[in-house]
Amino acid sequence: MSEMQIVGPKGLPITGSLFAFRKNPLEFLRQASKEYGDVVHMRFGPRHLYLISNPDYIKEILVTKQGHFHKAKGLQVAKAVVGEGILTSEGKQHLRQRRLMQPSFRQEHIRSYGETMVDYSEDMVNGWHDGEERLITKDMMELTLAIITKTMFGTNITEGVNDIGHAIEVGLKYVSRRASSFIDIPEAIPTRSNREFKEAAQTLDRAIYSIIEERRKSETSGQGDLLSMLLAARDEEDNTGMTDKQVRDEVMTIFVAGHETTANTLSWTLYLLSQHPEVEQKLWDEIDHVLNGRRVTVNDLPKLKYAENIIWETLRLYPAAWMINREVTDAVEIGGHVFQPGETLMMSQYVMHRTPEYFDQPDHFRPERFEGNLLKEIPQFAFFPFGGGPRVCIGNHFAIMEATLILVTIAQKFQLRLIPDHPPVEPEPVVTLRPKNGLHMIVKQR
Ligand code: HEM
């Protein structure tokens with residue numbers, strides 16, 4: 001096969017496109033794919049990267065030829081917190097852990113978490129006062145963190161677990177700061193943030209290990225919470241379970257992967273609703289018709305399709321996971337080009353989800369677009385908010401269920417609007433895509 005000529009922005013002599021990318025990653029990538037097509041070459045300093053924007057190639061990378069890739073290096077930072085959990089492990093180890101964890105995330109099982117999700121959402125809105133200003137981005141983070149903590153540990157929360165919330169926050173802040181900071185200060189240097197992180201990590205470890213120990217001793221299977229599922233999981237091949245260290249790493253993994261993404265998605269949803277009263281009205285009509293004032297349950301979800309489509313449309317416009325990277329480990333042919341070990345391929349949900357070829361008026365917020373057969377009519381990887389293949393988001397059903405239940409609980413009682421003279425709301429692509437500087441909103445009782 002003759003090698004395809006790959007083009008891309010030339011960038012500056014030494015740094016290449018690094019600074020152009022850093023200045024505005026979303027628009028830089030979108031522009032690059034518009035200008036140069038399905039495969040764009042770019043250089044960040046000495047590193048060669050390729051932006052892949054063809055859904056069939058993306059499918060090859062994530063699914064059919066995934067054995068030729070590893071997750072890219074950026075995640076090494078996360079390892080400081082999540083160890084060798086399924087987010088960061090590779091190959092056989094990943095496969096085994098994934099097999100052990102999969103049953104806990106099946107739809108039938110996570111349904112039982114619906115009540116917790118609604119409990120916490122109701123507690124939150126019951127604490128809101130008509131007309132007050134709230135930092136909604138913070139409210140959403142606290143809410144999803146409370147929900148994941150409760151679904152993880154269940155009702156028998158031991159003393160000390162209250163510290164977990166704070167420790168996780170410190171840990172997550174550290175990961176996202178490290179991942180986005182240009183100068184990587186080694187962990188051993190005792191800066192304030194490194195010290196804080198160390199302390200937080202130790203608090204977390206102590207709390208988690210003590211809960212694990214208690215659970216192993218008591219031999220009660222818990223109440224179906226995630227931790228008890230992880231402790232009970234046995235590999236079908238050799239009937240062994242996880243070590244304490246593995247359980248600890250997976251607990252941390254789920255905390256890290258499982259709350260900020262959903263919180264940011266909800267923040268974007270509430271922002272979009274505030275900008276589109278016609279969508280908000282249709283949502284109210286659906287909620288009032290289906291629930292008639294009572295509290296939502298998982299059994300109502302099949303009838304709350306407009307609410308769910310609002311979440312899908314939010315994930316299209318502001319995909320919390322806005323880019324997936326893979327590093328080539330074995331030379332591999334994609335789209336007529338052979339990529340070499342060490343090269344990085346980038347796939348951006350943000351870019352793909354706003355491609356006019358697949359989405360009519362791609363920048364418009366229109367939940368109705370998901371009502372027909374859209375997802376069957378477009379290529380599978382034109383829309384991939386949860387990734388795909390063996391590393392597809394394990395929490396995808398959890399996230400959609402959680403986001404829909406929270407959205408419905410909020411919208412049933414409140415209307416949210418940005419405060420007057422709120423600065424323009426812009427997406428900030430850190431580890432996840434979040435509203436830059438947060439969302440300050442007035443909550444108005446309906
Ligand atoms: C709207 C919310 C969420 C979004 C947009 C999202 C997105 C993603 C994406 C794109 C991946 C694949 C990354 C890659 O292939 O490199 C992923 C992986 C993962 N997600 Fe989510 N996620 C969300 C919520 C959750 C929740 C609620 C949980 C857990 C309760 C979770 C747990 C995980 C885990 C453990 C992985 C790693 C899976 C593996 O590598 O085998 N996520 N997520």
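In this predicted model, the loop between strand 9 (414-418) and strand 10 (427-429) holds Asp421. The phi angle of Asp421 is near 50°, a positive value in a residue that is not glycine. Asp421 is exposed, because its relative accessible area of 74% is over the 50% that marks exposure.

A second non-glycine residue with positive phi is Asn437, at about 65°. Asn437 sits in the loop that joins strand 11 (433-435) to strand 12 (440-445). With a relative accessibility of 64%, Asn437 also counts as exposed.

Glu236 is another loop residue, placed between helix 11 (226-232) and helix 12; helix 12 covers residues 244-257. Glu236 is exposed, with a relative accessible area of 69%. From Glu236 to Gln445 the separation is 209 residues in sequence, and their C-alpha atoms are 52 Å apart in space.

Arg215 belongs to helix 10 (residues 192-218). Arg215 is buried, because its relative accessible area is 9% and the limit for burial is under 20%. The side chain of Arg215 has a polar contact of 3.2 Å with the side chain of Asp225.

Helix 3 spans residues 55-64, and its buried residues are Pro55, Tyr57, Ile58, Glu60, Ile61 and Leu62. An α-helix has 3.6 residues a turn, so residues three or four places apart point the same way. At the start of helix 3, a side-chain oxygen of Asn54 comes within 2.7 Å of the backbone nitrogen of Asp56.

**The ligand and its iron atom**

Which protein atom is the donor to the iron atom of the ligand? The single protein donor is SG of Cys393, 2.3 Å away. Cys393 lies in the loop between helix 17 (374-377) and helix 18 (396-413). An unreviewed UniProt entry places the feature "binding site" at Cys393.

Is Cys393 buried, exposed or partly exposed? Cys393 counts as partly exposed, because its relative accessibility is 29%, and values between 20% and 50% fall in that class. That accessibility is computed on protein chains only. Leaving aside residues up to four places away in sequence, Cys393 touches Arg98 and Phe386.

The ligand is surrounded by 29 residues, of which the closest are His94, Arg98, Arg326, Arg391 and Cys393. By class, this shell has 16 nonpolar, 9 polar and 4 charged residues. Several elements each supply at least two residues of the shell: helix 5 (91-101), helix 12 (244-257), helix 13 (260-275), strand 5 (324-328) and helix 18.

Polar atoms of the protein that lie by oxygen or nitrogen atoms of the ligand are listed below.

| Residue | Protein atom | Ligand atom | Distance |
|---|---|---|---|
| Arg98 | polar side-chain atom | oxygen | 2.7 Å |
| Arg391 | N or O atom in the side chain | oxygen | 3.0 Å |
| Ala257 | polar backbone atom | nitrogen | 3.4 Å |

Arg98 thus appears in two settings: a polar side-chain atom of Arg98 lies 2.7 Å from a ligand oxygen, and Arg98 is also touched by Cys393. Arg391 is one of the closest residues to the ligand, and an N or O atom in its side chain is 3.0 Å from a ligand oxygen. For Ala257 the polar atom belongs to the backbone, and its partner is a nitrogen atom of the ligand.

Conventions
Residues numbered from 1 in each chain as written. Predicted model: local features only at pLDDT ≥ 70, side-chain atom pairs only at ≥ 80, totals over all residues. Heavy atoms only, no water. Donors = N, O, S within 2.8 Å, 3.2 Å for Na, K, Ca; no water. Helix = DSSP H or I, 4+ residues; strand = E, 2+ residues; numbered from the N terminus. Near = heavy atom within 4 Å. Polar contact = N/O pair within 3.5 Å; in protein donor to acceptor, adjacent residues only side chain to side chain. Nonpolar A, V, L, I, M, F, W, Y, C, P; charged D, E, K, R; others polar. UniProt positions renumbered as here; feature names shortened; annotations may be inferred. Buried < 20%, exposed > 50% of the residue type's maximum accessible area, 1.4 Å probe, protein only. Contact = heavy atoms within 4.5 Å.
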